[in-house]
Amino acid sequence: MLQRNQLGFDFHAAPGSPPVEWRIEPGLVPYPDALALMEARAAAIRAGTAAEMVWLVAHPPLYTAGTSARTDDLLQPDRFPVYAAGRGGEYTYHGPGQRVAYVMLDLKQRREDVRVFVGALEEWIIRTLDRFNVRGERREDRVGVWVVRPDRPQLAPGVPAEDKIAAIGIRLRRWVSFHGIAINVEPDLSHFSGIVPCGIAGHGVTSLVDLGLPVTMADLDVALKQGFEEVFGPASAN
């Protein structure tokens with residue numbers, strides 16, 4: 001297991017800071033409700049009236065458009081509701097069987113560096129997947145976390161197939177983050193076919209169950225919290 005600071009992705013708050021509130025939402029959360037809560041919580045964090053929070057949710061099937069979304073990448077506009085997310089990035093899918101973690105942190109109390117923050121989110125995902133013996137990998141030209149698929153036909157001689165298992169899309173307002181990450185546990189992977197996920201063609205999408213692992217959402221939530229605390233520091237239930 002990689003130790004804190006080994007890759008420079010230390011996003012712990014200052015010593016003595018309160019733990020991050022860790023909240024798991026039951027059921028499916030409508031996307032507009034999630035946006036409203038994140039907006040309110042981010043404002044309260046900046047005002048000093050609320051603690052930082054990680055909010056674990058799942059959504060009904062839907063597509064979201066980031067600020068860089070290209071119209072041509074929405075292949076089936078009538079398939080599911082489409083929402084303007086306001087985060088960075090392009091189109092992505094959310095739905096049952098996918099764990100979305102909305103991350104509301106005060107980077108002024110941590111590290112005012114967007115690039116390293118994204119790297120810390122990737123590191124969190126990688127450490128989480130490692131607990132299931134899944135090797136998640138970064139790619140310099142692609143945001144998110146990827147897994148090599150030696151069981152699939154090669155993209156070219158000597159170039160193995162790769163599938164995306166986790167997406168990242170964030171927004172910062174006055175150095176408070178919101179939006180976050182999404183990890184595929186057991187979503188309907190055919191639902192991704194209505195978009196070009198994150199604007200990246202030529203690669204597939206996978207999930208923990210698609211990789212042959214009988215992982216439940218509860219299993220993932222435990223691993224997520226463990227990985228989060230390694231990279232970002234203590235978290236406590238609400």
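Me: Is Glu39 buried, partly exposed or exposed here?
Reply: In this predicted model, Glu39 has a relative accessibility of 32%, so Glu39 counts as partly exposed, since that class lies between the under 20% of buried residues and the over 50% of exposed ones.

Me: And which side chain does Glu39 meet in a salt bridge?
Reply: The side chain of Arg173 meets that of Glu39 in a salt bridge, with 2.4 Å from N to O. This pair links distant parts of the chain, because Arg173 sits in strand E9 while Glu39 sits in helix H1 (residues 31-47), and their positions lie 134 residues apart in the numbering. As for Arg173, its relative accessible area is 33%, so Arg173 is partly exposed.

Me: Why would side chains pair up like that at all?
Reply: As a general point, side chains that carry opposite charge can pair when their charged atoms come close.

Me: OK, what about Arg171, where is that one found?
Reply: Arg171 is found in strand E9, which covers residues 161-173, and with 29% relative accessibility Arg171 counts as partly exposed. If we leave aside its neighbours within four places in sequence, Arg171 is in contact with several residues, among them Glu39, Gly86 and Phe178.

Me: How many salt bridges does the structure hold?
Reply: The structure holds 22 salt bridges. One of them joins Glu25 to Arg23, with the closest N and O atoms 3.0 Å apart, and in that pair Glu25 is partly exposed at 23%, while Arg23 is partly exposed at 21%.

Me: What about Arg135 and Glu137, how far is it from N to O there?
Reply: Their side chains meet in a salt bridge at 2.9 Å, N to O. Arg135 is exposed, with a relative accessible area of 64%, whereas Glu137 counts as buried because its relative accessibility is 18%, which is under the 20% cut-off.

Me: Switching to helices, at what angle do H2 and H3 cross?
Reply: The axes of helix H2 (residues 114-130) and helix H3 (residues 217-232) cross at roughly 135 degrees and come within 8 Å, and H2 and H3 are therefore oblique to each other. The crossing is right-handed.

Me: Which residues make that contact?
Reply: On the H2 side they include Phe117, Leu121 and Trp124, and on the H3 side they include Leu220, Leu224 and Phe228. Sorted by class, the contact of H2 with H3 has 10 nonpolar, 2 polar and 3 charged residues.

Me: Which residues are linked in a network of salt bridges?
Reply: Glu122, Glu123, Arg127, Arg131, Arg138 and Glu230 are linked in such a network, and Glu123, Arg127 and Glu230 also take part in the contact between H2 and H3.

Conventions
Residues are numbered from 1 along each chain as its sequence is written. This is a predicted model: local features need pLDDT of at least 70, side-chain atom pairs count only at pLDDT 80 or more; totals for chains, interfaces and linings use all residues. Side-chain values use heavy atoms; hydrogens and water are left out. Helices (H or I, at least four residues) and strands (E, at least two) are DSSP runs, numbered from the N terminus. Buried means under 20% relative accessible area, exposed over 50%, partly exposed in between (1.4 Å probe, protein chains only). Contact means heavy atoms within 4.5 Å. Axes are lines fitted to C-alpha atoms, for helices over the stretch in contact, and angles run from 0 to 180 degrees between N-to-C directions. Angles under 35 degrees count as roughly parallel, over 145 as roughly antiparallel, 65 to 115 as roughly perpendicular and the rest as oblique. A crossing is left-handed if the near helix is turned anticlockwise from the far one by less than a right angle, and right-handed if clockwise. Ala, Val, Leu, Ile, Met, Phe, Trp, Tyr, Cys and Pro count as nonpolar, Asp, Glu, Lys and Arg as charged, and the others, Gly among them, as polar. A salt bridge is a side-chain nitrogen of Lys or Arg within 4 Å of a carboxyl oxygen of Asp or Glu.
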